[in-house]
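Trainee: Could you walk me through how the helices pack in this model? I would like to start with one pair and then look at the core.

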Amino acid sequence: MAALLMLAFSGLDAQAHSVTEGDKGYIQEIYGINLIPFAYLGAKHMVTGYDHLLFLFGVIFFLYRLKDIGIYVSLFALGHSTTMLLGVLFDTNVSSYLIDAIIGLSVVYKALDNLGAYQRWFGFQPNTKAATLIFGLFHGIGLATKIREFDIAPDGLIPNLLAFNVGVEIGQLLALAGILILMGFWRRTAGFWRHAYTANVAMMTAGFVLIGYQLTGWVVAA
């Protein structure tokens, strides 16, 4: 689990949702329908997206039944798939720094939720399913802001975007499987409940770092 949380700090030399220069050049050069390459790029993006992984880690932290995990992950996928596709097709003009700061906020929100902070502070539990869907929408906008930065050929745009989205979902499932395997071993140890608080505090800290990093980038770029 510590290795997963460190992704939030090790990746700060690049902006969230970044695409490598090699992939960027490839995207800008190809024309027509290229389903497999775009699916690969989508999967690669998800499994290397530290902000997505941190949020997913928080979402499933206290989920034990596969049915519950499936519901929450499906809500998240529905949210980010919808806004990713619409954001690219309708060419929405949103600051990637501000969106990524909100994504960092989603990590903080989920860590506080896992710590039971809202019940102690406000006396009620927010709707966790609605929160997962809403933050999924913002994660999708984050994906769209990066895709829009590339001059993708209009020929085959919609099939390629759908393939990219399928790749994102495949990458999400692969990343989720890895997280669940690690969580399964960790939950069987005597120290899980002893270290659960520390893990969520570390996740919350990572979220605050992401927020600060993105807001700094927004101010500098303004």
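Trainee: Is the crossing in which H4 passes H9 left-handed or right-handed?

Mentor: Good place to begin, and keep in mind that this is a predicted model. The axes of H4 and H9 come within 11 Å. On the H4 side the contact is made by Leu53, Leu56, Phe57 and Ile60, while H9 brings residues including Ile179, Met183 and Trp186. The crossing of H4 past H9 is right-handed.

Trainee: At roughly what angle do the axes of H4 and H9 cross, and why is H4 called oblique to H9?

Mentor: Angles from 35 up to 65 degrees fall outside both the roughly parallel and the roughly perpendicular classes, and so count as oblique. The axes of H4 and H9 cross at roughly 50 degrees. That angle therefore makes H4, relative to H9, oblique.

Trainee: H9 also packs with H3; how far apart are their axes?

Mentor: Many residues meet here, among them Phe38, Gly42 and Met46 in H3, and Phe164, Gly167 and Gly171 in H9. The H3 and H9 crossing is right-handed, and their angle of about 40 degrees is therefore oblique. The distance between the axes of H3 and H9 is 6 Å.

Trainee: Which residues of H3 are buried?

Mentor: H3 covers residues 35-47 and reaches 19 Å from its first C-alpha to its last, close to the 18 Å expected. Being buried means having under 20% relative accessible area. The residues of H3 that are buried are Phe38, Leu41, Gly42, Ala43, His45 and Met46.

Trainee: What about H5 and H8: at roughly what angle do their axes cross?

Mentor: H5 passes H8 in a right-handed crossing. The contact includes Leu75, Gly79 and Thr83 of H5, together with Leu133, Gly136 and Gly140 of H8. With axes that come within 6 Å, H5 and H8 cross at roughly 35 degrees.

Trainee: Now for the core: which helix gives the most to the largest nonpolar core?

Mentor: The largest nonpolar core has 34 residues, and Phe57, Phe61, Met183 and Trp186 are those with the most contacts inside it. Helices that each supply at least two residues of this core include H4, H5, H8, H9 and H10. With eight residues, the helix that gives the most is H10.

Trainee: And how many residues are in the second core?

Mentor: This second core is separate from the largest one. Its members include Ile30, Met84, Ile147 and Phe164. Met84 of H5 and Ile147 of H8 also take part in the contact between those two helices. The number of residues in the second core is 16.

Key:
Residues numbered from 1 in each chain as written. Predicted model: local features only at pLDDT ≥ 70, side-chain atom pairs only at ≥ 80, totals over all residues. Heavy atoms only, no water. Core = buried A, V, L, I, M, F, W, Y, C linked by side-chain atoms within 4.5 Å. Buried < 20%, exposed > 50% of the residue type's maximum accessible area, 1.4 Å probe, protein only. Helix = DSSP H or I, 4+ residues; strand = E, 2+ residues; numbered from the N terminus. Expected span 1.5 Å × (residues − 1). Axes fitted to C-alpha atoms, helices over the stretch in contact; angles between N-to-C directions. Parallel < 35°, antiparallel > 145°, perpendicular 65-115°, else oblique. Left-handed = near helix turned anticlockwise from the far one by under 90°. Contact = heavy atoms within 4.5 Å.
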